[in-house]
Amino acid sequence: RPAMSDAIHGWLAAIGAHPLLVLAVVFVIACAESIALIGTIVPAGAVMFAAGTLVGAGALDAWTTLGVAAVGAIVGDGVSYELGRRYRGAIRNGWVRFGYANAYARGEQFVLRHGMKSIVLARFLAPVRAVVPVVVGCATLPRRAFYPVNIVSALIWAPVHVAPGILFGASAALAAAISVRVAAILLV
């Protein structure tokens, strides 16, 4: 058991020595999750949980990590939205040509059913997450309507996805501290 604890402390120290690299990964993953097609294969939930665990263990700053995750999510949705606005016909045809017609149709139906709420809801629903921003862009929803909702939804998304990891990391650190004390009490 001490070897495992030493390995974990070594890992946390290594991450603590390179927090900017970890934050760059958080940004890229949060961004990529919202980009059409790419987002369907990005394990953002696992990465955000891991980042939260590092926050809870004291290897990363909570506010910085949440901010980086939110900005990544804003940028990712923004890129998809702008691609949809710029290349709407080509995008729709491309999705059909590459065999993703059903995914695009689901995203389109989702946007038609939920309107502006679709941007917020899509952040939390994997089947439409990477499709909705590009569909909204293809529908040429005005930027003044899209970006405020994009920002608010990212500010909600980041803590919802990072907080469970923070709690896990903090509870693991607390459990380790308590187990050392309990072992010492039992020895005495």
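In which helix is Pro148 found? Pro148 is found in helix H10, and we will come back to it after a walk through the rest of the chain.

First, a word on what you are looking at. This is a predicted model, in which local features need pLDDT of at least 70 and side-chain atom pairs count only at pLDDT 80 or more, while totals for chains, interfaces and linings use all residues. Residues are numbered from 1 along each chain as its sequence is written, and side-chain values use heavy atoms, with hydrogens and water left out.

Let us begin with the overall plan. The protein chain has 10 helices and zero strands; here helices (H or I, at least four residues) and strands (E, at least two) are DSSP runs, numbered from the N terminus. Read along the sequence, the pattern is therefore α-α-α-α-α-α-α-α-α-α. Of the 188 residues in the protein chain, 39% are buried, where buried means under 20% relative accessible area, exposed means over 50%, and partly exposed lies in between (1.4 Å probe, protein chains only). Contact means heavy atoms within 4.5 Å. Among contacts between residues at least 6 apart in sequence, 75% join residues at least 24 apart.

How confident is the predictor? The answer is given as pLDDT, the predictor's confidence in each residue, from 0 to 100. The mean pLDDT of the protein chain is 82, and 82% of its residues reach 70 or more. Among the elements, helix H1 (residues 2–17) has the lowest mean pLDDT, 60, and helix H4 (residues 62–86) has the highest, 94. Where pLDDT is low, the predicted coordinates should not be read in detail.

Helix H4 is a good place to look more closely. Two packed helices are described by the angle between their axes and the distance between the axes. Helix H2 (residues 19–32) packs with H4 at an angle of about 30°, and their axes are 7 Å apart. Axes are lines fitted to C-alpha atoms, for helices over the stretch in contact, and angles run from 0 to 180 degrees between N-to-C directions. The crossing of H2 and H4 is right-handed, a term used when the near helix is turned clockwise from the far one by less than a right angle, with anticlockwise giving left-handed. On the H2 side, Leu23, Val26, Phe27, Ala30 and Cys31 take part, and the residues they meet in H4 include Thr64, Val68, Gly72 and Gly76. The residues of this contact divide into 10 nonpolar, four polar and no charged. In this count, Ala, Val, Leu, Ile, Met, Phe, Trp, Tyr, Cys and Pro are nonpolar, Asp, Glu, Lys and Arg are charged, and the others, Gly among them, are polar.

Val26 leads us from this contact into the interior. Which residues does Val26 touch, not counting residues up to four places away in sequence? They are Met48, Ala51, Thr65, Val68 and Ala69. A nonpolar core is a set of buried Ala, Val, Leu, Ile, Met, Phe, Trp, Tyr and Cys residues joined through side-chain atoms within 4.5 Å. The largest such core has 25 residues, and Val26, Ile29, Met48, Leu60, Ala69, Trp157 and Ala158 touch the most other members. Two or more residues each come from H2, helix H3 (44–56), H4 and helix H10 (143–187). A second, separate core of 19 residues includes Ala36, Val128, Val135 and Val136.

Val136 also appears among the contacts of Ser118, together with Phe110, Val111 and Val132, leaving aside neighbours within four places in sequence. Ser118 lies in helix H7 (residues 117–122) and is buried, with a relative accessible area of 0%.

Now follow helix H10. Ala145 in H10 is partly exposed, with a relative accessible area of 24%. Ala145 and Met116 are 29 residues apart in sequence and 8.1 Å apart in space, C-alpha to C-alpha. Back at Pro148, the relative accessibility is 42%, so Pro148 counts as partly exposed. Its C-alpha atom is 10.0 Å from that of Ile74, 74 residues apart in sequence.

Further along, are Ala158 and Pro159 buried or partly exposed? Ala158 is buried, at 1% relative accessible area, whereas Pro159 is partly exposed, at 33%. Beyond its neighbours within four places in sequence, Ala158 is in contact with Leu66, Ala69 and Ala70, and Pro159 is in contact with Leu66 and Pro164.
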